[in-house]
Amino acid sequence: MANVTSSANSVAIQGEYNYLALVCGVPLILIIILGNVLVCLSVLTERSLKTATNYFIVSLAVADLLLAMLVLPLYVYSEFLGGVWTLSTYICDALMTMDVMLCTASILNLCAISIDRYIAVVVPLKYNRNQFSMRQLALIAATWVLSLGVASPVIFGLNQVPNRDPHVCKLENDHFVVYSSVCSFFVPCPVMLFLYYWMFRGLKRWSSGRSRSHLSRAQRSHQSLSLRLGAALQREKGTSREKVVYLMPGGLSPSSLPPTPATPTSPVTLASDEHFEGQIPAAESDPMTTQMDSVSDAENAERHQESSSTRENGLEKGHGSRRTRRHSKSSRVSGRERKAMKVLPVVVGVFLACWTPFFVVHVTKVLCVSCNIGPTLISVVTWLGYVNSAVNPIIYTAFNVEFRNVFHKLLFCRT
């Protein structure tokens with residue numbers, strides 16, 4: 001909300017122009033237009049970038065782009081003339097309306113992006129990344145409707161007050177300055193901070209849970225592999241040592257019998273060792289073999305019970321595949337969104353650095369009558385707020401490799 005003040009009308013008459021405003025303002029306008037146009041073209045032309053989250057970034061880019069095209073040129077012109085407004089008061093009211101609406105839309109779009117990312121991190125199963133849902137459309141529409149609602153009193157005559165100075169373009173109603181500041185900043189800012197805080201906690205919880213899951217899965221896999229290797233070794237040992245053994249009644253020995261060839265009617269059994277005691281084969285008393293057989297039987301019984309219960313419910317394939325897809329989707333979405341942990345401090349820090357001085361100074365100027373807040377300080381914090389529109393494309397796209405590649409392709413006209 002450019003609350004432009006005039007030091008004196010003679011500044012423009014004497015030709016003391018503010019060339020610094022022109023030198024800083026024109027490049028700022030060009031940077032904002034170029035960056036946000038690239039963002040919009042990237043999402044519209046690149047199929048891989050047409051995701052739900054990127055449509056919020058396009059909405060933010062449109063707000064910043066309109067701000068650079070409709071508000072900043074007139075503001076730079078006024079600053080160049082030393083803060084003197086030389087156009088009609090109706091153009092001033094239109095400028096103030098667009099200024100309030102687009103600045104509010106820019107901030108609310110930042111808040112909407114935080115809401116969208118919060119949903120993607122905290123409840124990823126309910127978040128569809130590749131499809132633009134009605135919830136996201138309603139969120140973007142609400143952003144623009146609320147922004148228009150906040151700024152509409154100015155265009156409906158709120159700025160038309162008696163004894164108005166036509167050479168100063170500013171918001172004339174002090175109550176509206178407080179009202180618009182609360183709606184545009186002091187409410188969305190805590191909401192955004194709260195959502196980013198819980199998103200950060202959710203990402204940390206997901207990372208720690210994933211580490212524990214991988215550790216327990218590795219332990220179970222190691223145990224299962226050991227059991228299977230032991231069973232395979234025992235089976236190989238039994239096969240290599242397998243031979244025919246004649247069972248003799250107790251009290252008799254092979255030396256007490258005459259040497260006769262084996263007959264087909266003699267009882268035989270299979271053994272897996274070379275030494276026997278009485279009638280008991282060694283394989284039946286081998287503790288490793290007994291343990292492996294019991295474990296194998298237990299595993300087979302458990303698998304049989306699970307498969308039987310699943311078949312009884314008629315969900316043997318459907319339930320398993322749905323559960324697998326659900327866990328896979330959760331891991332995939334959370335894996336993508338955990339990268340936001342590196343960007344969150346930059347997003348919140350730049351946002352607070354750009355907008356907090358602006359709103360604090362303007363509200364203080366209204367509420368504290370005795371405070372001496374000059375036009376220079378107001379001009380500085382206003383410029384700082386506008387700089388955020390140039391930084392937004394850098395924050396939300398410079399950390400994305402796909403955006404960088406598309407930017408490079410668009411700038412150098414490559415296919």
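**Why these labels? Burial and ring pairs**

Me: Why does Phe403 count as buried?
Reply: This is a predicted model, and in it Phe403 has 0% relative accessibility. Buried means under 20%, so Phe403 earns the label.

Me: And what makes Phe407 buried or exposed?
Reply: Phe407 comes out at 16% relative accessibility. The cut-off for buried is under 20%, so Phe407 counts as buried too.

Me: How do you know what kind of aromatic pair Phe403 and Phe407 form?
Reply: A pair of aromatic rings is described by the distance of the centres and the angle of the planes. For Phe403 and Phe407 the centres are 6.0 Å apart and the planes make 65°. Pairing needs centres within 6.5 Å, and planes over 60 degrees apart count as edge-to-face, so Phe403 and Phe407 are an edge-to-face pair.

Me: Why are Phe403 and Phe407 separated by about one helical turn?
Reply: Because both sit in helix 12 (residues 401–411), 4 residues apart.

Me: What does Asn54 touch, leaving out residues up to four places away in sequence?
Reply: Val43, Leu49 and Phe403. Asn54 itself belongs to helix 3 (residues 52–80).

Me: Why is Asn54 called buried?
Reply: Its relative accessibility is 7%, and under 20% means buried. So Asn54 counts as buried.

Me: What makes the link between the side chains of Asn54 and Thr51 a polar contact?
Reply: The distance is 3.1 Å. A polar contact needs N or O atoms within 3.5 Å, one able to donate a hydrogen and the other to accept it, so the Asn54–Thr51 pair gets the name. A polar atom of the Asn54 side chain also lies 2.7 Å from the backbone oxygen of Leu49.

Me: Back to rings: how many aromatic pairs does a search of the whole structure find?
Reply: It finds 16.

Me: Why is the pair of Phe185 and Phe351 called stacked?
Reply: Their ring centres are 6.0 Å apart and the planes sit at 25°. Planes under 30 degrees apart count as stacked, so that is the label for this pair.

Me: What makes the Phe185–Phe351 pair tie together parts far along the sequence?
Reply: Phe185 is in helix 6 (residues 174–186) and Phe351 in helix 10 (residues 340–367), so the parts joined are 166 residues apart in sequence.

Me: How do you know whether Phe185 and Phe351 are buried or exposed?
Reply: Phe185 has a relative accessible area of 4%, and Phe351 has 2%. Under 20% is buried, so Phe185 is buried and Phe351 is buried as well. Both also belong to one aromatic cluster with Phe186, Trp355, Phe358 and Phe359.

Me: Why is Leu30 called exposed?
Reply: Leu30 has a relative accessible area of 55%, and exposed means over 50%, so the label fits. Leu30 sits in helix 2 (residues 19–45). With Tyr17, Tyr19, Leu22 and Val26, Leu30 makes a nonpolar surface patch of about 470 Å².

Me: And what makes Arg201 partly exposed?
Reply: Its relative accessible area is 35%. Buried is under 20%, exposed is over 50%, and partly exposed is in between, so Arg201 is partly exposed. Arg201 lies in helix 7 (residues 188–240), and its C-alpha atom is 9.8 Å from that of Val121, 80 residues away along the chain.

Terms used. Residues are numbered from 1 along each chain as its sequence is written. This is a predicted model: local features need pLDDT of at least 70, side-chain atom pairs count only at pLDDT 80 or more; totals for chains, interfaces and linings use all residues. Side-chain values use heavy atoms; hydrogens and water are left out. Helices (H or I, at least four residues) and strands (E, at least two) are DSSP runs, numbered from the N terminus. Buried means under 20% relative accessible area, exposed over 50%, partly exposed in between (1.4 Å probe, protein chains only). Contact means heavy atoms within 4.5 Å. Patches are made of residues with over 30% relative accessible area and no salt bridge: like charges are joined within 9 Å, nonpolar side chains (Val, Leu, Ile, Met, Phe, Trp, Tyr) within 5 Å. Accessible areas come from the Shrake-Rupley method with a 1.4 Å probe; for residues, only the protein chains shown count as cover. A salt bridge is a side-chain nitrogen of Lys or Arg within 4 Å of a carboxyl oxygen of Asp or Glu.
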